[in-house]
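Colleague: Could we go through this model together? I would like to hear the reasoning behind each label you use.

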Amino acid sequence: MENVSILGATGSIGTSTLDVISLHPERFKVFAVSGFSQLERLREIALQFSPRYIVVANESDAAGLKSKLPSVLPCEILFGKQALVDIAKDSEVDTVMSAIVGAAGLLPTLAAVRASKKVLLANKESLVMSGELFMRAVSEHKATLIPIDSEHNAIFQCLPENYRYADAQGSGISHLLLTASGGPFRELMPQALEDVTPEQACAHPNWDMGRKISVDSASMMNKGLEFIEAKWLFGLDETRIKVLIHPQSTIHSMVQYKDGSVIAQMGNPDMRTPIAHALSYPTRIESGVAPLDFFEQQDFSFQAPEQARFPNLFLAMEASRLGQSATTALNAANESAVAAFLRKQIKFTDIFSVNQHVVESCNHESLNSIDDILEHDSQCREQALQYISTLRH
Ligand code: NAD
Ligand code: MG
């Protein structure tokens, strides 16, 4: 029996993870879950999976949840940031699903890595913020890191069995081909992007996701973050990673080899596939996802992303080339800008202005520790908020 801690169990990835686990009660036990504010959902999870620990944001939520649970349930309710770290590194835990959204996921995910766990990484922001230090910790602590992001999980599946980190030459890899759906605004005139609403931005054509990543998909910042994520996960430089728009989201990404072969991973767009793959790797288990029906499939098409429509993608690629302090700055700015857009304080197109302003004006000194990164992250958030206050409509 494998003990699994799920960080961010109430979200979209958390829910899909619980769905897959519920199909395999003989193999996986939900050891601990966390949720930030959705107490009713946590109550349902507690009743269905009976985890040993539930982590909530604060003491009053802990008391609120406790009063809603039957007293016979053998489940301890903890709260706060240290409790997230504790359920990630607990000696009884085998596998940690990292599915908190944003920078809040960094410390508990790193704690799981430092405790040499099998870490299933959905929280791409932690790699964007700290890629080099994070990957060094993975190697020093011999953690097993398996990507959940569908593109990176696809690439992981398409790489040679014995792929050695950063060895593109030896592995015969020419390029990683990251596919992108193009989101809900792929065909909108760039001028019309000024007036789109949070509801339109969150209505993704192919995937059902949390609100922050949905806005990132609409702006294609998500693909920018994934570009940086791919660089760190697979140890390849920017020249070996290409982005192509594939609106059907059937090919989840590809690896192009120097002999002319291209290996793709395909399936219906449903996160339960990469989650099941990662949970059971290197074996395969049922995920609950319907098989891909090639006869019902629309044609596959591909386009290059345009800079005028998706400036955030190009900014992220530039930040990747600039290095760690630029990508930390970009992530901090983007989280602040997306939150302001979702609160209807700024326009969709302002997200790019905020991101560009912070990346261009922040200090690009080297960041040598996680404390340096967190300090830089909070300075950049302040800068972003100041700039946002000049934009309010
Ligand atoms: P979501 O908004 O649906 O869920 C986020 C989870 O994080 C929730 O459980 C929430 O309670 C928790 N959370 C939010 N703020 C927190 C905080 N400050 N402290 C502690 N917990 C907090 O998001 P999601 O769509 O499930 O995405 C989760 C992560 O997975 C993101 O990093 C996202 O980029 C990545 N991801 C998601 C998808 C997808 O299909 N949803 C695909 C690829 C990658
Ligand atoms: Mg993705």
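Colleague: Where does ligand 1 lie with respect to domain 1 and domain 2, and how do you know?

Modeller: Keep in mind that this is a predicted model. Domain 1 (2-148) and domain 2 (156-269) both contribute residues to the shell around ligand 1, so the ligand lies between them.

Colleague: Which residues come nearest to ligand 1?

Modeller: There are 22 residues around ligand 1, and Thr 10, Ser 12, Phe 36, Glu 125 and Gly 210 come nearest. To be in that set, a residue needs a heavy atom within 4 Å of the ligand. By class, the shell holds 11 nonpolar, eight polar and three charged residues. Helix H1 (12-22) and helix H6 (124-140) each supply at least two residues of this shell.

Colleague: What makes the approach of Ser 12 to ligand 1 a polar contact?

Modeller: The cut-off is a pair of N or O atoms within 3.5 Å. A backbone N or O atom of Ser 12 lies 2.9 Å from an oxygen atom of ligand 1, so the pair is within the limit. Gly 8 has a polar backbone atom 3.3 Å from a ligand oxygen, and for Val 101 the distance from a polar backbone atom to an oxygen of ligand 1 is 3.4 Å. These two distances also satisfy the limit, so they count as polar contacts. As for cover, the protein takes up 86% of the 830 Å² of accessible area that ligand 1 has on its own.

Colleague: Now to the metal. Why are Asp 149, Glu 151 and Glu 226 called donors of the magnesium ion (ligand 2)?

Modeller: A donor here is an N, O or S atom within 2.8 Å of the metal. The OD of Asp 149 and the OE of Glu 151 and Glu 226 lie 2.1 to 2.2 Å from the magnesium ion, so they qualify. Water is not among the atoms, so the site may look incomplete.

Colleague: How are the donor residues spaced in sequence?

Modeller: Their spacing is D-x1-E-x74-E. Asp 149 sits in the loop between strand E7 (144-147) and helix H7 (150-158), while Glu 226 belongs to helix H11 (residues 221-234), so this pair ties together parts that are 77 residues apart in sequence. Asp 149 and Glu 226 are both buried.

Colleague: What makes Met 220 buried or exposed, and what is notable about its phi?

Modeller: Buried means under 20% relative accessible area. Met 220 has 2%, so it is buried. Its phi is near 65 degrees, a positive value in a residue other than glycine. Met 220 is placed in the loop between helix H10 (211-219) and H11.

Colleague: And Lys 142: is it buried or exposed, and how do you know?

Modeller: Exposed means over 50%, and Lys 142 has a relative accessible area of 68%, so it is exposed. Lys 142 is in the loop between H6 and E7. Phi of Lys 142 is near 50 degrees, again a positive value in a residue other than glycine.

Colleague: How do you decide on Ser 139, buried or exposed?

Modeller: Ser 139 has 52% relative accessibility, which is over 50%, so it counts as exposed. Ser 139 is part of helix H6. Its C-alpha atom is separated by 9.9 Å from that of Tyr 165, 26 residues apart along the chain.

Colleague: Why is Gln 265 called buried?

Modeller: Its relative accessibility is 10%, under the 20% limit, so Gln 265 counts as buried. Gln 265 lies in strand E11 (residues 262-266). From Gln 265 to Ile 370 the distance is 34 Å, C-alpha to C-alpha, with their positions 105 residues apart in sequence.

Colleague: Which values put Thr 17 and Cys 380 in their class?

Modeller: Thr 17, in helix H1, has a relative accessible area of 0%, so it is buried. Cys 380, in helix H16 (residues 370-391), has 1% relative accessibility, so it is buried as well.

Colleague: One last item: what kind of peptide bond joins Tyr 281 and Pro 282?

Modeller: That bond is cis, with omega about 10 degrees. Pro 282 is in the loop between helix H12 (272-280) and helix H13 (311-322).

Technical notes
Residues numbered from 1 in each chain as written. Chains lettered and ligands numbered in written order. Predicted model: local features only at pLDDT ≥ 70, side-chain atom pairs only at ≥ 80, totals over all residues. Heavy atoms only, no water. Donors = N, O, S within 2.8 Å, 3.2 Å for Na, K, Ca; no water. Helix = DSSP H or I, 4+ residues; strand = E, 2+ residues; numbered from the N terminus. Buried < 20%, exposed > 50% of the residue type's maximum accessible area, 1.4 Å probe, protein only. Polar contact = N/O pair within 3.5 Å; in protein donor to acceptor, adjacent residues only side chain to side chain. Areas by Shrake-Rupley, 256 points an atom, 1.4 Å probe, with all protein chains shown as cover. Nonpolar A, V, L, I, M, F, W, Y, C, P; charged D, E, K, R; others polar. Domains from an automatic or database assignment.
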